[in-house]
Amino acid sequence: MTLSATVPARRRRTAPRALRRFFGHKLALLGLGIVLFLTIACVVGPYLLPYDELYIDLRARFAPPGTGAHILGTDPLGRDIAARLFQAGQVSMAIGFAVMIIATALGSVIGVLSGYYGGYVAAILMRIVDAFLSFPSVFLLLALAAFLKPGPAMIALIIAATSWMEVARIVEAEVKSLKNRDFVQAAQMLGLSGRWIMFRELLPNAIGPIIVAATLIVARAILLEAYISFLGYGIQPPVPSWGNMLNGAQQYLGQAPWLAIVPGIAITLAVTGFNFIGDGLRDAFDSRSGGR
Amino acid sequence: MTEHHDRPLNPARRRTLMLLGAAGGAMMAPSVLGRSAAFAQGAPSGQIILGFSQEPTVFNPLMPHIEVDDGIYYAIFDPLFDFDPDGQLFPILVTEVPTVANGGISEDGLTWRIRLKEGVTWHDGTPFTAADVKFTFELPVNPDFRSFRTTGYALMRDITVVSPTELTWTMTKPFAPLAGVLASTFIVPAHPFEGQDPNAAPFNNAPIGTGPFKWGERMAGDHILLTANANYHGEGPHLERLIIRYIPDLNVMYTQFKAGDIDVIGLQYITPDHLTEAEGLPGVATEVAGTGSFESFALNMQRPQFKDLAVRQALYAALDKTSIIDALYYGVPTPTETYMPQQSAFFNPDLPPHAFSIEKANQLLDDAGWARGAGGIREKDGVRLAFTNSTTAGNHLREQAQQFIQQTFAEIGVEMTISNLPPAVMWGDYWMNSEFDTVVVGMNQLSGADPDTTNYHRSSASPALGGAGQNTLAYQNPRVDELLDAGAASFDPDQRREIYRELQAVIRDDLPFLPMFQYAVVKGWKEEVTGPAPNVNNRIDSWNVRDWRRG
Amino acid sequence: MLRYLLSRLGQSAILLLIVSCVGFCVLSLAPGGPLSQFALSPGMTQEQLTRIADQMGLNRPLPVQYMDWLSHLLRGDWGVSYRDGQPVLAIIQRHLFATLLLMGTSTAIAIVLGSAIGIASAVRRGGIFDHTMTVMSMVALSIPTFWFGLVAIYVFSLNLGWLPSGGMYAVGNGSLADYLHHLIMPALVLALVDVAIWSRYMRTSTLNVVHQDFVRTARAKGLTRRRVLMKHILGNSLVPMITLAGLQLPVILGGALVTETVFTWPGMGRLFLDSLGYSDYPVVMGLLMASALLVVVGSLAADLIVALIDPRIRLN
């Protein structure tokens, strides 16, 4: 297969340069550091703490941070907030990654189909994209979550259903511009199937922007999970998520502000981390950008 | 539906609170008596702002509505008669409450006669007559009308207007609870519905009643303004204006009460964690008052796990009520063994008391042959002692109680999985058709002060068993059916008391639901306001709004 | 121009149709329903619930219900609320004011602040200010709005006691000062994200303009830096910002929803949550349609304004 060799060659040339640019990007490195730190904390943390995230001790309710071994305090049921925060981090970040995979896959397929075939296919698919974009996504999310049984998998699916449009648009634009290039036309002349061309030739060449969009989707998904869980329509207790730890925190704001502050900082950190990485990746893949 | 919002408090102090509750009750007694005592009928003056955390939206009392809507009805409309705080009926639109003794109800309970007060007019000046009462009784069973309920009305036949102030009807069977139904039936006028679709009549958004206050204006999402009915047929009103404000957030509502922006804090009330603070506020009266709702851990009796009485008894023994009430609910509610409010004359005080004991629960299950299997979960004959528990997602306090119960149940080898649902899903088919395993729910099963609970406990009232009603636990006990039938057919108060006390004992032994506590709420009003009084027999505070006054 | 307008209108109509169809299916296929709020009422029976559902037409086949709803909508009848029988359009109009007040104020804050930060960053590209603002705007974009609101309430209402913690006005007080007093915190909280977005776009937009010939010419002609900035850069870089404003509408609307919840602001967002809780489908559908309409009209208007003020852009 002589032809396919030419395509990876294109990638091979850009990849190391992009990697180098990425590692030269201070914010991106900071973001990577934050995300790694949070991931490790959430995975290892539970083993270091003397408390189980579900263990209820009514005598120890509303302990402020620093009470005994409760480094971040306790919640209204006397559960250790640090233990819950780590467990919640696993849930929230898992949702973020699940959303990324689903939304990126869906968006890529729709984008590549409409970019490659154009015409009516593109017209219909892109109108659907527009329709989804014109819903304020929180409205759609809540409408869906209010009526479906909320569990981590369902929440991930619902968020993914409102997160794929960006990828679809990016891929569509990218594919449209690539489709008339030599290597695609050569592939068509060789009689390769449309499916092969779309998924083996075109899509890999759009990988840069897709990765950037995917990173930003993780950030957005973590935020959206927090929004809907905060409003009570997301992950349900006793499973902790960063969002549902904030649900109800408003009531205790005067008495136990740490209930609101601690998970909010975790969310902000995680989302900032992914946004920094995404920004770095964008600069790394975008050959036109001359650095900041 | 009773949705009690939670607030945290400082250390629980149940005893103190209960004492306060008792003291509050005693304190309020004079103002209740004040109604019958001679108060000079002065001109209405001043205004009261009453805050609700839910928005009243249905103004035709015969259409489907929720608790908070009743708050408006008591001001705009009148029932024929109503329950006072002791569960006794007092006349409002009638000259005398019909009973067997005074001949208003025939000996066999089949013929009823009521006599109406003379000279009562609707807010628009039209005279109020027996024809309006007849219309009110007939509208709920009109098949084209979106009716709230048909219980009682469906049994009425030959409703006859004898004179403008006299009405008679017969019943297809003796039905003592009709008095309770009528006490919560607000009489609506017939004339605004002439030639109108009753579901869409203009009346439904600008109601006309005989009550102490007239409809003023409604700013949806904000407030409803009611003005004094100068021609009210009874004593009162003493206020020029009654403003009912909708404040959807309990924190904000409390803050506004504290700031003096609202005079009386209504439905959903002061959150328990603010009780201590509220008591210290200058110029403010607070009171802990029992309500007609009780919280229970309800079991779906169709599930194989719950067919064994030993399981139900063990679960009850493992329910740490005291911790839930004292810590999570700040000691405001009162533990209970039954669905009947403790203030009711029909309450059975001799039910066996609950004692929390993990050992006893384990013993019960061991003796019944439920052995620990995989993962420490008990099982017997292939049935695992595992089930889901559901409630309305977003009710924080109940969610906390749920998670606490989950932990104690795990200690006796019972696996409880929490599966909460949004309200619209929870109380739909999932509840009505008994699709749940267990539910934590707050309910008021009485209609007014009448002790009849046929709709909740009779085997024929279970939709899952092919019946019609709210016996969603699919509870069946022939003795319960007998008692309910006997109680509904009896007009003798003493006999009824015995029947309903036995009923509570039978249900307590069967444990189709694990009774947790009777709800209590923290009410508050400015000291310069007089009138607000608790009444466990009515759904909402404004039951005596005609008596409220300022200064 | 006319052809363009017609085709855009056609596309918008199709878009709204898709939105309505998806929304209606999601709501109607969901379990539960508007009657479940009555399920716990004393004396309610399943029979009675079924009867009410029949009368409300809830038991008809879904396509019939949809066509019925759609045909009424096309005739300007948005239906009535299941909760209080009020016309949906009137309900939405009432809540629209509160939402527009909040969104408008916060957008105004965002435009002023965001433009200033964006231009300042672009003018001294690579400077300390530029770098700081870059990082800060990315952090701002990462903060959950509702959490920021909670922290603001904690600081300014609970601790300092400067501002009310919620509501649009105090009971019985409808003065302008009172409105402003209640408005300031939610508007600033909501503006946080918008400031970040606006400043980013403004920076890029300004950078694109700075390098164009006419700016260099203007500078060469000896115009002061400030005049060049004000006259040319601001004018030219504002054009793409109008498009952005159109595109940002759904985001701002979504943000307003959450902010309204935290601050108990009586707008469309809270109406949406309330209606959702009661399964008041006509209102929920009305809000979905109204917000989609707002977004469609917003972006259309933005495009048209751009076309009118910037002759270089040709519509096709």
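**Figure 1. Contact of α12(A) with α5(C) in the predicted model.** Thr268(A), Val271(A), Thr272(A), Asn275(A), Phe276(A) and Asp279(A) of α12(A) meet four residues of α5(C), namely Met138(C), Val139(C), Leu141(C) and Ser142(C). By class, the residues of this contact are 5 nonpolar, 4 polar and 1 charged. Helix α12(A) covers residues 258-285 and helix α5(C) covers residues 128-142. The two helices pack at an angle of about 130°, and their axes are 8 Å apart. Angles over 115 degrees and up to 145 fall in the oblique class, and α12(A) and α5(C) are therefore oblique to each other. Their crossing is right-handed.

**Figure 2. The side of chain B that touches chain C.** Here 43 residues of chain B are in contact with 35 residues of chain C. Three helices of chain B, α5 (250-258), α11 (423-426) and α12 (429-432), each supply at least two residues of this side of chain B. The most comes from α12(B), which gives 4 residues. Divided by class, the side of chain B that touches chain C holds 20 nonpolar, 16 polar and 7 charged residues.

**Figure 3. Helix α3(C) and the glycine that follows.** Helix α3(C) consists of 13 residues, 62-74. At 1.5 Å a residue it should span 18 Å, and its end C-alpha atoms are 18 Å apart, so the expected span and the model agree. After α3(C) comes Gly76(C), which has a positive phi near 85°.

**Figure 4. The open sheet β4-β6-β5 of chain B, with helix α3(B).** The sheet has 3 strands in the order β4-β6-β5, with antiparallel pairing. At the edges are β4(B) (111-115) and β5(B) (156-163), each of which pairs on one side only. Between neighbouring strands the average turn is 15°, direction ignored. Strand β5(B) pairs with β6(B) (residues 166-171) over 5 bridges in the antiparallel sense. One of the bridge pairs is Ser163(B) with Glu166(B), the latter in β6(B). Helix α3(B), residues 130-138, lies across β5(B) and β6(B) and runs at about 170° to β5(B).

**Figure 5. Strands β7(B), β8(B) and β9(B).** Strand β7(B) (residues 213-219) and strand β8(B) (residues 223-228) run antiparallel and are joined by 6 bridges. Lys214(B) has Thr227(B) in β8(B) as its bridge partner. The hairpin of β7(B) and β8(B) has 3 residues between the strands, and in this hairpin Gly221(B) takes a positive phi near 80°. Strand β8(B) also pairs with strand β9(B) (residues 241-246), in the antiparallel sense and over 5 bridges. In that pairing, Ile224(B) is bridged to Ile244(B) of β9(B).

**Figure 6. The open sheet β13-β14-β15 of chain B.** Antiparallel pairing joins the 3 strands of this sheet, in the order β13-β14-β15. Strands β13(B) (371-372) and β15(B) (383-384) stand at the edges; each has a single partner strand, so one side of each is left without a neighbour in the sheet. Strand β13(B) and strand β14(B) (residues 378-380) pair over 2 bridges, in the antiparallel sense. Opposite Ala371(B) stands Glu379(B) in β14(B).

Conventions: Residues are numbered from 1 along each chain as its sequence is written. Chains are lettered from A and ligands numbered from 1 in the order in which they are written. This is a predicted model: local features need pLDDT of at least 70, side-chain atom pairs count only at pLDDT 80 or more; totals for chains, interfaces and linings use all residues. Two residues are in contact if their C-beta atoms, placed from the backbone, lie within 7 Å. Ala, Val, Leu, Ile, Met, Phe, Trp, Tyr, Cys and Pro count as nonpolar, Asp, Glu, Lys and Arg as charged, and the others, Gly among them, as polar. Axes are lines fitted to C-alpha atoms, for helices over the stretch in contact, and angles run from 0 to 180 degrees between N-to-C directions. Angles under 35 degrees count as roughly parallel, over 145 as roughly antiparallel, 65 to 115 as roughly perpendicular and the rest as oblique. A crossing is left-handed if the near helix is turned anticlockwise from the far one by less than a right angle, and right-handed if clockwise. Two strands pair if DSSP finds at least two bridges between them. The expected span of a helix is 1.5 Å times one less than its number of residues.
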